[in-house]
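Here is a walk through a predicted model. Keep the sequence and the coordinates in view while reading.

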Amino acid sequence: MNDYLTIKEVSVKWELTERRIQKLCSEGKIPGAVKFGRDWAVPKDAEKPPDGRITTGEYKNWRKKLSKNDEE
């Protein structure tokens with residue numbers, strides 16, 4: 001287990017929440033992450049995956065934009 005870090009240690013290292021790290025592990029976005037019971041172990045040399053979430057605001061209020069286009 002010396003080659004692995006806990007979720008808490010990784011969250012401090014990568015400056016992300018523990019829940020976000022758990023989500024990345026469960027989605028398979030952190031190569032080498034292993035689940036032991038209900039806890040995850042992340043390899044020490046694992047790199048922080050890129051954030052694939054949309055942060056541009058492009059989809060903000062998309063329902064309102066869709067309904068305006070449907071009326072025309």
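**Helices, sheet and core**

Start with the helix pair. Helix H1 (residues 7-14) packs against helix H2 (residues 18-26) at an angle of about 110°, and their axes are 9 Å apart. Angles of 65 to 115 degrees count as roughly perpendicular, so H1 is roughly perpendicular to H2.

Which residues make this contact? On the H1 side they are Ile7, Lys8, Val10, Ser11 and Trp14. They meet Glu18, Ile21, Gln22 and Cys25 in H2. By character, the residues of the contact divide into five nonpolar, two polar and two charged.

Next comes the link between the helices. Glu15 sits in the loop between H1 and H2. Its phi is near 60°, a positive value in a residue other than glycine. Most residues other than glycine have a negative phi. Is Glu15 buried or exposed? Its relative accessibility is 73%, and exposed means over 50%. Glu15 therefore counts as exposed.

Now turn to the sheet. Three strands form an open sheet in the order S1-S3-S2, and the pairing is antiparallel. Strand S1 (4-6) and strand S2 (34-36) stand at the edges. Each has a single partner strand, so one side of each is left without a neighbour in the sheet. Neighbouring strands are turned by 40° against each other on average, direction ignored. Strands of a sheet pair through backbone hydrogen bonds, either parallel or antiparallel. Here S2 and S3 pair in the antiparallel sense over three bridges. Phe36 stands opposite Asp39 in S3.

How does a helix meet this sheet? H1 lies across S1 and S3. Relative to S1, H1 runs at about 90°.

That leads to the core. The largest nonpolar core has 11 residues. They are Leu5, Ile7, Val10, Trp14, Ile21, Leu24, Cys25, Ile30, Trp40, Val42 and Ala46. Which elements each supply at least two residues of this core? They are H1, H2 and strand S3 (39-43).

Val10 ties several of these threads together. Val10 belongs to the core and to the contact of H1 with H2. Set aside its neighbours within four places in sequence, and Val10 is in contact with Leu5, Glu15, Ile21 and Val42. Among these partners, Leu5, Ile21 and Val42 are also listed in the core. Glu15 is the exposed loop residue met above.

Definitions and conventions
Residues are numbered from 1 along each chain as its sequence is written. This is a predicted model: local features need pLDDT of at least 70, side-chain atom pairs count only at pLDDT 80 or more; totals for chains, interfaces and linings use all residues. Side-chain values use heavy atoms; hydrogens and water are left out. Axes are lines fitted to C-alpha atoms, for helices over the stretch in contact, and angles run from 0 to 180 degrees between N-to-C directions. Helices (H or I, at least four residues) and strands (E, at least two) are DSSP runs, numbered from the N terminus. Angles under 35 degrees count as roughly parallel, over 145 as roughly antiparallel, 65 to 115 as roughly perpendicular and the rest as oblique. Contact means heavy atoms within 4.5 Å. Ala, Val, Leu, Ile, Met, Phe, Trp, Tyr, Cys and Pro count as nonpolar, Asp, Glu, Lys and Arg as charged, and the others, Gly among them, as polar. A nonpolar core is a set of buried Ala, Val, Leu, Ile, Met, Phe, Trp, Tyr and Cys residues joined through side-chain atoms within 4.5 Å. Buried means under 20% relative accessible area, exposed over 50%, partly exposed in between (1.4 Å probe, protein chains only). Two strands pair if DSSP finds at least two bridges between them.
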